[in-house]
Amino acid sequence: MDAIKECLGVFSKEAQELYLNDAVPYLDGPLSPLQFYRDWIGPNKPCIIRDAFSDWPALSKWNPTYLREKVGSKVISVAVTPNGYADAVNGDRFVMPEERQMSFSSLLDIIEGKVKSSGVFYIQKQCSNLTEELPELTGDVQTHIPWMTEALGKQPDAVNFWLGEESAVTSMHKDHYENLYCVISGHKEFILIPPTDRPFIPYELYRPATYRQKEDGDFEIVDEEDLTKVPWIPLDPLNPDYERYPSYRLAKPLLCTVKAGEMLYLPSLWFHHVRQSHGCIAVNFWYDMEYDIKYNYFQLVESLTNAAGAL
């Protein structure tokens with residue numbers, strides 16, 4: 001076990017020395033599909049791209065007045081939590097948000113402070129909700145990113161719309177997608193950790209549960225009896241418990257702020273934690289990753305980390 005731990009430590013250290021950046025680089029505009037694949041997708045490195053979608057009408061149109069006129073009466077899925085943490089660890093549970101159906105205008109009333117409501121509200125349903133729930137808005141954006149579609153030889157699996165309160169936080173996790181995250185208004189704050197730091201990221205198994213708001217406004221946690229336990233990251237990168245998770249000291253997080261008009265390329269399998277400004281609007285594109293040797297290597301590191309325990 002000690003030998004495995006030492007090898008995993010060297011594995012992460014060499015990645016930092018050989019190819020990873022100390023900060024998330026900026027590009028002044030999109031590259032050609034081939035160059036973007038060679039420089040960023042292939043090496044599995046994040047970057048922020050300026051002027052990648054400057055021709056989108058959404059950048060100038062998507063304000064509360066326009067959204068009320070365009071989709072105000074549409075009923076959409078909104079995640080509601082007592083504390084802003086949806087799909088996150090709470091005690092000994094992995095707790096999912098209450099999925100509430102409400103009109104877009106009702107959500108805007110809460111975000112603009114016109115209506116007081118207990119709980120934190122966030123449009124975050126990741127099932128291509130832009131094209132499925134809000135197709136009226138697709139004329140203001142693109143439903144795929146042409147140079148990314150060409151680089152990967154596929155269309156995105158999902159195009160998601162995000163809008164919520166400042167208190168809404170996305171807990172640390174990873175996805176098997178090549179993610180292009182486009183901020184329309186406000187800003188998003190990301191904490192990014194490379195897949196090669198997997199040995200330093202704690203995972204535990206949790207019973208799944210869901211928040212439910214009671215008639216008096218308080219929230220209760222209701223267990224999901226028929227679901228299997230969920231592996232999730234208990235660590236909060238904003239306030240890491242080094243006494244409980246000492247190996248996290250060896251991780252090398254990258255912090256970046258993505259502003260309106262900027263696009264983050266978030267590579268597959270990178271761990272990420274997200275905060276936002278109040279009322280921030282974003283659209284992201286999920287392109288399924290290639291399950292090639294990189295994925296195979298990551299699964300090997302995952303298995304070795306689990307076998308060796310905490311470093």
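Is Arg207 buried, partly exposed or exposed? In this predicted model, Arg207 counts as partly exposed, because its relative accessibility is 37% and the partly exposed class runs between 20% and 50%. Arg207 takes part in a salt bridge with Asp223, in which the closest N and O atoms are 3.3 Å apart. The two residues link distant parts of the chain, since Asp223 belongs to strand S14 (residues 219–223) and Arg207 to strand S13, with their positions 16 residues apart in sequence. Asp223, with a relative accessible area of 22%, is partly exposed.

Strand S13 also holds one partner of another pair. Glu204 forms a salt bridge with Arg244, and here the closest N and O atoms are 3.5 Å apart. Because Arg244 lies in the loop between strand S15 (230–232) and strand S16 (254–259) while Glu204 lies in strand S13, the pair ties together parts that are 40 residues apart in sequence. The partners fall into separate accessibility classes: Arg244, at 53%, is exposed, whereas Glu204, at 27%, is partly exposed.

A further pair involves buried residues. The side chains of Glu302 and Arg198 meet in a salt bridge with an N to O distance of 2.9 Å. Glu302 is placed in helix H8 and Arg198 in the loop between S12 and strand S13 (204–213), so this pair ties together parts that are 104 residues apart in sequence. Glu302 counts as buried at 16% relative accessibility, and Arg198 is buried as well, with a relative accessible area of 1%. Across the whole structure, a search finds 17 salt bridges; some of them share partners and thereby join Arg68, Asp109, Glu112 and Lys114 into one network.

The interior can be followed next. In soluble globular proteins, nonpolar side chains tend to be buried together. The largest nonpolar core of this model has 49 residues, and those with the most contacts inside it are Phe36, Trp62, Phe104, Met148 and Phe161. Helix H5 (residues 104–111) gives the most to this core, contributing five residues. When neighbours within four places in sequence are left aside, Trp62 is in contact with Leu67, Leu130, Leu137, Asp140, Val141, Phe161, Ile184, Ile281 and Val283. Separate from this is a second core of 21 residues, which includes Ala15, Phe190, Leu254 and Cys280.

The pockets complete the picture. The largest has a volume of about 440 Å³, and of the 25 residues that line it, Asp87, Gln124, Gln126, Trp162 and His173 are the closest to its centre. Strands S10 (169–173), S11 (177–185), S12 (187–193), S18 (271–276) and S19 (281–288) are the elements that give two or more residues to this lining, and the largest share, three residues, comes from S10. Classified by residue type, the lining of the largest pocket has eleven nonpolar, nine polar and five charged residues.

The second largest pocket holds about 290 Å³ of space. It is lined by 14 residues, of which Tyr19, Asn44, Pro195, Thr196 and Lys294 lie nearest its centre. Helix H1 (2–18) and helix H8 (293–308) each supply at least two residues of this lining, with H8 giving the most, at four residues. By class, the lining of the second largest pocket has ten nonpolar, three polar and one charged residues. Helix H8 thus appears in two parts of this account, as a contributor to the lining of the second largest pocket and as the helix in which Glu302 lies.

Technical notes: Residues numbered from 1 in each chain as written. Predicted model: local features only at pLDDT ≥ 70, side-chain atom pairs only at ≥ 80, totals over all residues. Heavy atoms only, no water. Core = buried A, V, L, I, M, F, W, Y, C linked by side-chain atoms within 4.5 Å. Buried < 20%, exposed > 50% of the residue type's maximum accessible area, 1.4 Å probe, protein only. Contact = heavy atoms within 4.5 Å. 1 Å grid on protein atoms, 1.4 Å probe; cavity = no way out; pocket = protein on both sides within 12 Å on 5 of 7 lines; lining within 4 Å. Points joined across faces, edges and corners; volume = space filled by probe spheres on them. Nonpolar A, V, L, I, M, F, W, Y, C, P; charged D, E, K, R; others polar. Salt bridge = Lys/Arg side-chain N within 4 Å of Asp/Glu carboxyl O.
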